[in-house]
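Biologist: I have a sequence and a set of coordinates in front of me, and I would like to learn how to read such a structure feature by feature. Could you take me through it slowly?

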Amino acid sequence: MAEEVYPMTQEGLEKIQQDLDELKIVKRKEIVERIKIARSYGDLSENSEYEAAKDEQAFVEGQIQKLEKMVRYAKIIDPNEIDEGIVSLGRKVTFIELPDGDEEVYSIVGRAEADPLDGKISNESPIAQALIGKGVNDEVTIETPGGDMVVKITSVDAI
């Protein structure tokens with residue numbers, strides 16, 4: 001069975017690696033120390049601090065495994081391989097909503113590094129799916145849960 005590939009930018013890979021290092025180097029040690037302290041309180045069967053620390057340990061270990069898998073199967077998107085002026089993964093797209101003209105800017109990234117609050121949307125999102133392959137001055141209809149939105153692409157740049 002083939003492993004899942006995680007397309008991402010070099011910046012996204014570096015951010016995931018930093019998060020992974022933080023979990024492995026800092027968080028793990030903090031949790032081990034909390035478990036050690038909680039054990040010193042005695043009876044583990046009714047020790048809520050111990051249970052909370054063990055739960056957090058399980059969560060952190062799960063996160064570590066998830067991030068390690070993303071790093072292992074990362075596929076770095078090379079901006080030089082992307083056609084200029086065409087919306088694709090690894091590009092920043094600016095568009096205006098029609099007819100009111102509200103401008104929006106998004107960077108199209110792999111789902112592993114998506115952060116909509118930071119303007120980074122997954123290439124699998126409805127907005128990105130509608131925009132990918134289109135170019136400057138193209139009008140695109142984007143299907144959203146709140147109804148269709150028509151936009152005009154004003155620029156496509158490297159991230």
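**Reading strands and domains**

Modeller: Let us begin with a single pair of residues: Val93 has Val156, in β7, as its bridge partner. Please keep in mind throughout that this is a predicted model.

Biologist: How should I read such a pairing, and how many bridges join β3 to strand β7?

Modeller: In general, strands of a sheet pair through backbone hydrogen bonds, and they do so either parallel or antiparallel. Here β3 and strand β7 (residues 147-158) run antiparallel and are joined by eight bridges.

Biologist: In which sense do strand β3 and strand β4 pair?

Modeller: Strand β3 (residues 91-98) pairs with strand β4 (residues 103-109) in the antiparallel sense, over five bridges. You can follow the register in the model, since Lys92 has Ser107 of β4 as its bridge partner, while Ile96 is bridged to Glu103 of β4. β3 and β4 form a hairpin with four residues between them, and in the turn Gly101 has a positive phi of about 85°.

Biologist: What is the order of the strands in the open sheet?

Modeller: The five strands of the open sheet follow the order β5-β4-β3-β7-β6, and their pairing is mixed. At the edges lie β5 (120-122) and β6 (139-144), each of which pairs on one side only. Neighbouring strands of this sheet are turned by 45° against each other on average, with direction ignored.

Biologist: Which features does UniProt place along the chain?

Modeller: An unreviewed UniProt entry places a "coiled-coil region" at residues 13-70, and in the model this span is 86% helix and 0% strand, with its end C-alpha atoms 8 Å apart. The unreviewed entry also places "domain: Transcription elongation factor GreA/GreB C-terminal" at residues 84-157, a span that is 8% helix and 47% strand and whose end C-alpha atoms lie 7 Å apart.

Biologist: How is the chain divided into domains, and how much area do domain 1 and domain 2 bury between them?

Modeller: The size of an interface is often given as the accessible area lost when the parts come together. The chain is divided into domain 1 (4-74) and domain 2 (79-156), whose centres, taken over C-alpha atoms, are separated by 34 Å. Nine residues of domain 1 are in contact with eight residues of domain 2, and the two domains bury about 630 Å² between them, 56% of it on carbon and sulfur atoms.

Biologist: How many salt bridges does the rule find across the interface of domain 1 and domain 2?

Modeller: The rule finds two salt bridges across that interface. As for individual side chains, those of Glu4 and Arg111 meet in a salt bridge, at 1.5 Å from N to O.

Key
Residues numbered from 1 in each chain as written. Predicted model: local features only at pLDDT ≥ 70, side-chain atom pairs only at ≥ 80, totals over all residues. Heavy atoms only, no water. UniProt positions renumbered as here; feature names shortened; annotations may be inferred. Helix = DSSP H or I, 4+ residues; strand = E, 2+ residues; numbered from the N terminus. Pairing = 2+ DSSP bridges. Axes fitted to C-alpha atoms, helices over the stretch in contact; angles between N-to-C directions. Domains from an automatic or database assignment. Contact = heavy atoms within 4.5 Å. Buried area = accessible area lost by both parts, 1.4 Å probe. Salt bridge = Lys/Arg side-chain N within 4 Å of Asp/Glu carboxyl O.
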